[in-house]
Every structure is written in structure tokens, then in C-alpha cells.
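User: Could you take a close look at one part of this structure for me, and then follow it outwards into its surroundings? A connected account would suit me better than a list.

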Amino acid sequence: MKLTARATLQIQKQHEEVFEAIVNPEHMTQYFISESSGRMETGKDIVWKFPEFNDKYPVTQVDVSSHDSVSFVWDQETVVRISLEKQADNSTVVRITEGEKVLNDENLKWTIGNTEGWANFLACLKAYLEYGVQLRTGAFDFMKSNS
């Protein structure tokens, strides 16, 4: 059995606007990360920093496909895939998968944690795009390093 983290949410914004919020660091820093070394583009490696951690995280093997999907690697064992589906009402369904890992206790914890993380990403993206609200602000201060 293989484990895959999954999260899906419908966002009441047009497909192109949702896509841009995912690949453009000017938007991403408003709801997900605190810094990015650049825009997500096919073949480009970038680095992300999160507000709760001192470390920087490489994002490699970026593949952006015609505003419908984005994939990347930030954990050498897994690939993150984000797909966007246009809806008849001009909203967008965003589906995220990250995996696969073999079933064991450590990877089960990883799957639960990353599923929670991607669900949070989607909630923050929705709040930002639909209401201009930054849900992540202060949400993870308890995780900040005391160093």
C-alpha cells in the first residue's frame, strides 16, 4: 500500500486568477509563504521560506502546464501535484496530491500532517482570493523556533 496526501477545495474565482495566485510569489506571500526566490515556472528551481521557520526550502523539478497544473518536488521522495479544474459557474476546483510513500508509522504521520497542511493551504488560498483575508497570519506562531 502506498500513502498519498490529498486535499481538494472549490474556490469562487476564475481559473486564471487561482492559477496566478499559486505560481506568483507576490500572491503566495499573502497566504502561504513569507519569501520566494521567484515565480514557479517549468524547469526553474526556487526557494521558499515560511514565516514560522528559520530554514529555507528548495522547490525543484517545477513543471507548469498551461494554467491547468503545477507540480514540484520539495521532499526528494515525493512529488506535489496541483491541478485546477474550471467550473461552469466560473469557479475553480483545486486538487492537490503529494506522494507516494510506503506504509509505515513514520509515513502515516507524514501523510496525515501533509494532508492537514495542504487543506490549510487551500483554505488560506480561498480566504485570500475570495475575501482578502490572510488566515495564516499568527496561526502557526506556536511553531516558531525560539533560537
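Analyst: In this predicted model, K126 and E130 form a salt bridge, with their closest N and O atoms 2.7 Å apart. Both residues belong to helix 3, and because they are 4 residues apart there, about one helical turn separates them. Their surroundings are not alike: K126 is partly exposed at a relative accessible area of 21%, whereas E130, at 17%, counts as buried. If you like to check such labels against the cut-off, buried means under 20% relative accessible area, so E130 falls under that limit with its 17%.

Helix 3 itself covers residues 105-131 and packs on the sheet, where it touches strand 1, strand 5, strand 6 and strand 7. Its direction makes about 15 degrees with that of strand 1. One residue to look at in helix 3 is T111, which is buried with a relative accessible area of 9%. Leaving out residues up to four places away in sequence, T111 touches L3, T4 and A5. Strand 1 spans residues 2-11.

The sheet under the helix is open and has 7 strands in the order 1-7-6-5-4-3-2, paired in the antiparallel sense. Its edges are strand 1 and strand 2 (35-36), each of which pairs on one side only. Further in, strand 4 (residues 56-65) and strand 5 (residues 69-75) are antiparallel partners over 4 bridges. D63 has S71 of strand 5 as its bridge partner. Helix 1 (residues 15-23) also lies across the sheet, over strand 1, strand 4, strand 5, strand 6 (78-86) and strand 7 (92-102), and runs at about 155 degrees to strand 6.

Helix 3 also has a part in the nonpolar interior. In soluble globular proteins, nonpolar side chains tend to be buried together. Here the largest nonpolar core has 31 residues, and I22, Y31, W48, F72 and F121 are those with the most contacts inside it. Strand 1, helix 1, strand 3 (46-49), strand 4, strand 5, strand 6, strand 7 and helix 3 each supply at least two residues of this core. The largest share, 7 residues, comes from helix 3. For a view of the packing from one residue, try I22: setting aside neighbours within four places in sequence, I22 is in contact with M28, Y31, M40, V70, I82, L84, V94, F121 and L125.

Back to charged pairs, since the one you started from has company: a search of the whole structure finds 9 salt bridges. Among them is the pair E77 and K101, whose side chains meet at 3.5 Å, N to O. E77 sits in the loop between strand 5 and strand 6 while K101 is in strand 7, so this pair ties together parts that are 24 residues apart in sequence. E77 is exposed at 55% relative accessible area, but K101 is buried at 6%. Salt bridges with shared partners join D75, E77 and K101 into one network.

Another of these pairs is E41 with K44, where the closest N and O atoms are 3.9 Å apart. The salt-bridge criterion is within 4 Å, so the 3.9 Å of this pair satisfies it. Both ends count as partly exposed, E41 at 38% relative accessibility and K44 at 30%.

Methods:
Residues numbered from 1 in each chain as written. Predicted model: local features only at pLDDT ≥ 70, side-chain atom pairs only at ≥ 80, totals over all residues. Heavy atoms only, no water. Pairing = 2+ DSSP bridges. Contact = heavy atoms within 4.5 Å. Axes fitted to C-alpha atoms, helices over the stretch in contact; angles between N-to-C directions. Buried < 20%, exposed > 50% of the residue type's maximum accessible area, 1.4 Å probe, protein only. Core = buried A, V, L, I, M, F, W, Y, C linked by side-chain atoms within 4.5 Å.
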